[in-house]
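Let's take a walk through a protein model together, going from the helices to the core and then out to the pairings between side chains. Keep your viewer open and follow along.

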Amino acid sequence: MDLEQIVFAIISHAGNARSNCFEALKHARKGNFEEAERCLNKASEELLEAHHVQTDMIHKEAQGEKQEVTLLLVHAEDHLMNAILAKELITEMIELYKVIYQTSGAAFEV
């Protein structure tokens, strides 16, 4: 893959992961934890794909194949890190929703 393909692959997978995470949160708010888990699993798959692209770049650089660092590449890495953080935080938020839902028996509609 050339740099542009790498960048857009990372952005695409990271964006999909982030969207899946927020979809999971919406399902959890309604008490649909099975669907929330399904969305989180899809997010994990997308993050894994983005990570594979990133890891391939790192391996190539370690083998001496230098990659130009562009603003677009930095932007893609930002997207990836934000998606990873979103997944971690939303996973914790869903656990809180589970506790609240079990305690009160009510879902949250927003």
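What follows is a guided reading of this structure, starting with the backbone.

Please bear in mind that this is a predicted model. A good place to begin is helix α1, which covers residues 3-29. How far does α1 reach from its first C-alpha to its last? The helix has 27 residues and spans 39 Å, close to the 39 Å expected at 1.5 Å a residue. After α1 comes Gly-31, and the phi of this glycine is positive, near 85°. If you keep Gly-31 selected, you can look across to Ile-100, a residue of helix α3. Along the chain, Gly-31 and Ile-100 are 69 residues apart, yet 9.8 Å separates their C-alpha atoms. Ile-100 itself is partly exposed, with a relative accessible area of 37%.

Now let's turn to the nonpolar interior. The largest nonpolar core holds 29 residues, and Ile-90 and Ile-94 have the most contacts inside it. Which elements give two or more residues to this core? They are α1, α2 and α3. Of these, α1 gives the most, with 12 residues. Ile-90 makes a handy viewpoint for looking around. Once its neighbours within four places in sequence are set aside, Ile-90 is in contact with Cys-21, Phe-22, Leu-25 and Leu-40.

Cys-21, one of those contacts of Ile-90, leads us to the cysteines. How many disulfides does a search of the whole structure find? The search finds zero. For Cys-21, the nearest cysteine sulfur is that of Cys-39, 9.0 Å away. A disulfide requires the two sulfur atoms to be within 2.5 Å, so the 9.0 Å between the sulfurs of Cys-39 and Cys-21 is too far for a bond. Are these cysteines buried or exposed? Cys-21 is buried, with a relative accessible area of 0%, and Cys-39 is also buried, at 0%.

From the cysteines we can move on to the charged side chains. The count of salt bridges comes to three. One of them joins Arg-38 and Glu-35, with 2.2 Å between N and O. Where do these two residues sit? Both belong to helix α2, which runs over residues 33-62, and they are three residues apart, so about one helical turn separates them. Arg-38 is partly exposed at 36% relative accessibility, and Glu-35 is partly exposed too, with a relative accessible area of 21%.

Helix α2 has another such pairing, between Asp-56 and Lys-60. Here the closest N and O atoms are 3.4 Å apart. The spacing along the helix is four residues, which again comes to about one helical turn. In terms of accessibility, Asp-56 counts as partly exposed at 38%, and Lys-60 counts as partly exposed at 27%.

For the remaining salt bridge, move to helix α3, residues 71-104, where Glu-95 and Lys-98 both lie. Their side chains meet with an N to O distance of 3.2 Å. Three residues separate Glu-95 from Lys-98 in the sequence, about one turn of the helix. Glu-95 is partly exposed, with a relative accessible area of 38%, while Lys-98 is partly exposed at 23% relative accessibility.

Our last stop concerns ring geometry. How many aromatic pairs does a search of the whole structure find? There is one. The pair is formed by Phe-33 and Tyr-101 in an edge-to-face arrangement, with 5.8 Å from centre to centre and 75° between the planes. Because Phe-33 lies in helix α2 and Tyr-101 in helix α3, the pair ties together parts that are 68 residues apart in sequence. The two rings belong to residues in separate burial classes: Phe-33 counts as buried at 18% relative accessibility, whereas Tyr-101 is partly exposed, with a relative accessible area of 29%.

To retrace the route, α1, α2 and α3 all contribute to the core, the salt bridges number three, and the pairing of Phe-33 with Tyr-101 links α2 to α3.

Key: Residues are numbered from 1 along each chain as its sequence is written. This is a predicted model: local features need pLDDT of at least 70, side-chain atom pairs count only at pLDDT 80 or more; totals for chains, interfaces and linings use all residues. Side-chain values use heavy atoms; hydrogens and water are left out. Buried means under 20% relative accessible area, exposed over 50%, partly exposed in between (1.4 Å probe, protein chains only). A salt bridge is a side-chain nitrogen of Lys or Arg within 4 Å of a carboxyl oxygen of Asp or Glu. A nonpolar core is a set of buried Ala, Val, Leu, Ile, Met, Phe, Trp, Tyr and Cys residues joined through side-chain atoms within 4.5 Å. Contact means heavy atoms within 4.5 Å. Rings of Phe, Tyr and Trp (its six-membered ring) pair if their centres lie within 6.5 Å; planes under 30 degrees apart count as stacked, over 60 as edge-to-face and the rest as tilted. The expected span of a helix is 1.5 Å times one less than its number of residues.
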